[in-house]
Amino acid sequence: MAIIKNINLINYRNFSNLNLSFDEKLNIFFGKNGCGKTNILEAISLTAKGRGIRNSSIFNLIKKNKDNFLIKNNLEIKYNNFNIEISSVNKNDKFKKIIKINDDLSKDSLDFLNQSVSYIIFLPEMERLFQASPSQRRNFLDRLIFSGRNNYNTLVNKYKKFLIERIKILQHNIIDDEWLDNVETEICNLGMEIYKERFAQIDFINSNFMTLKTDHKFEFNVELKIKDNFFNNKISLEEYLSNLKGSRIFDKKYGGTKIGPHKSDLVAIINDDFEASLLSTGQQKTVILMILLSQCNFLVNYKNINPILLFDEIGSHLDSNNRQILLDMINRFKIQFFLTGTDKNLFSFVSTNAHFYNITNI
């Protein structure tokens, strides 16, 4: 289990020098819009792979008129303390994120950190997830998988890289058939693995819904499904490859790849009757919180992973159903929470001792 004990932000976003110490259970940041609450969550999330919860460029994380940023964390992992430093480095006019663990830059240290820290994230735009684009729902599902498999993003990135490579080959006047065959074989192998991970993740969440129903009265029943016009669990690798080769003329003309996991969609069926896109904003938030509760239960009880939860602007649209689900998460699991909202009173329902931070006054 990883616990973030404190953070020091230097020249990061709107902060020149911010020091905060955290409770091992529940931490709540409140204050006016624009005061930097989300910036703190983003800085915490940079401990993991990637560019944080907003996927911003590293350059945009640096405070205006400064050369670089520095984030210092103290993490407790399996009762041992680790000093983490995250900084920006400018190499050939390109900014990169650098992480040191106890002053060590080695791949082994970074792998240890990635295996030890897992995040579950809620962002305000998720309240309308089922009315958003399919790509946002795919990203949401992929992020859930990533919270339990820290090398999953490498798989997805390799898949996307080969898709781009395939289109470049197809659009050349002279096609290297052998290279194209190799690229398409890689695409199908990677695509099959992504499909496998996504379908497994959906099964885990749906089964955990049923487990949690025994002691939690949800507002409605939810079943997650993957919608894909091409793929089903009976399609073999050979059929996948044959269909991909058969779409070359179409894909060359339109500049894309018409089949594969990059075309899938995630849908939520409510009460075996209709899709979640028809729900109100508050009800869609209920579905998302149910999914995140189910994911927490899966990670903690089946994967032996204790994630850190980063919930941005979670205070809005918290009706009695949503408050109960959030309280269930807080009380059920021995994990660390970071929540944000515009007003401290939005969290008056929290019975567990919480540490509050007024970011407006910092």
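F311 is buried, with a relative accessible area of 0%. The same goes for F122, which is likewise buried at 0%. In this predicted model, the two rings make up an aromatic pair: their centres sit 6.0 Å apart and their planes meet at 55 degrees, so the pair counts as tilted. A tilted label fits because stacked is kept for planes under 30 degrees apart and edge-to-face for those over 60. F122 belongs to strand β7 (residues 119-122) and F311 to strand β11 (residues 308-311), so the pair ties together parts that are 189 residues apart in sequence.

That pair has company. The count comes to 17 aromatic pairs, and one aromatic cluster is formed by Y195, F199, F230, F231 and Y240.

Stepping back to the whole chain, the protein has 9 helices and 13 strands. For 362 residues, a compact globule would be expected to have a radius of gyration near 21 Å, and the 22 Å found for the protein agrees with that. Laid along the principal axes, the C-alpha atoms fill a box of roughly 65 × 55 × 35 Å. Of the 362 residues, 51% are buried. Among contacts with a separation of 6 or more, 72% come from residues 24 or more positions apart.

As for the surface, about 17800 Å² of the protein is exposed, and carbon and sulfur atoms supply 46% of that area. On the charge side, there are 48 positive and 40 negative side chains, and the centres of the two sets lie 4 Å apart.

Two aspartates catch the eye for their backbone angles. Most residues other than glycine have a negative phi. D103, though, is not a glycine and still has a positive phi of about 65 degrees. D103 sits in the loop between β6 (94-101) and α2 (107-116), and at 64% relative accessibility it counts as exposed. D272 is the other case, with a positive phi near 55 degrees in a residue other than glycine. Its place is the loop between β9 (265-270) and β10 (274-275). D272 is exposed too, with a relative accessible area of 70%.

Next comes a glycine in another loop. G255 is found between α7 (248-254) and β9, and its relative accessibility of 39% makes it partly exposed. Leaving aside neighbours within four places in sequence, G255 is in contact with I167 and Q171. L170 is 85 residues away from G255 along the chain, yet the C-alpha atoms of the two are separated by 8.8 Å.

Finally, T281 lies in helix α8, which covers residues 281-302. With a relative accessible area of 19%, T281 is buried, since the cut-off for that label is under 20%. Once neighbours within four places in sequence are set aside, the contacts of T281 are with E127, R128 and H317.

Notes
Residues numbered from 1 in each chain as written. Predicted model: local features only at pLDDT ≥ 70, side-chain atom pairs only at ≥ 80, totals over all residues. Heavy atoms only, no water. Helix = DSSP H or I, 4+ residues; strand = E, 2+ residues; numbered from the N terminus. Rg over C-alpha atoms; globule rule 2.2 N^0.38 Å. Buried < 20%, exposed > 50% of the residue type's maximum accessible area, 1.4 Å probe, protein only. Contact = heavy atoms within 4.5 Å. Areas by Shrake-Rupley, 256 points an atom, 1.4 Å probe, with all protein chains shown as cover. Lys, Arg positive; Asp, Glu negative; His and termini not counted. Charge placed at Lys NZ, Arg CZ, Asp CG, Glu CD. Phe/Tyr/Trp six-rings, centres within 6.5 Å; stacked < 30°, edge-to-face > 60°.
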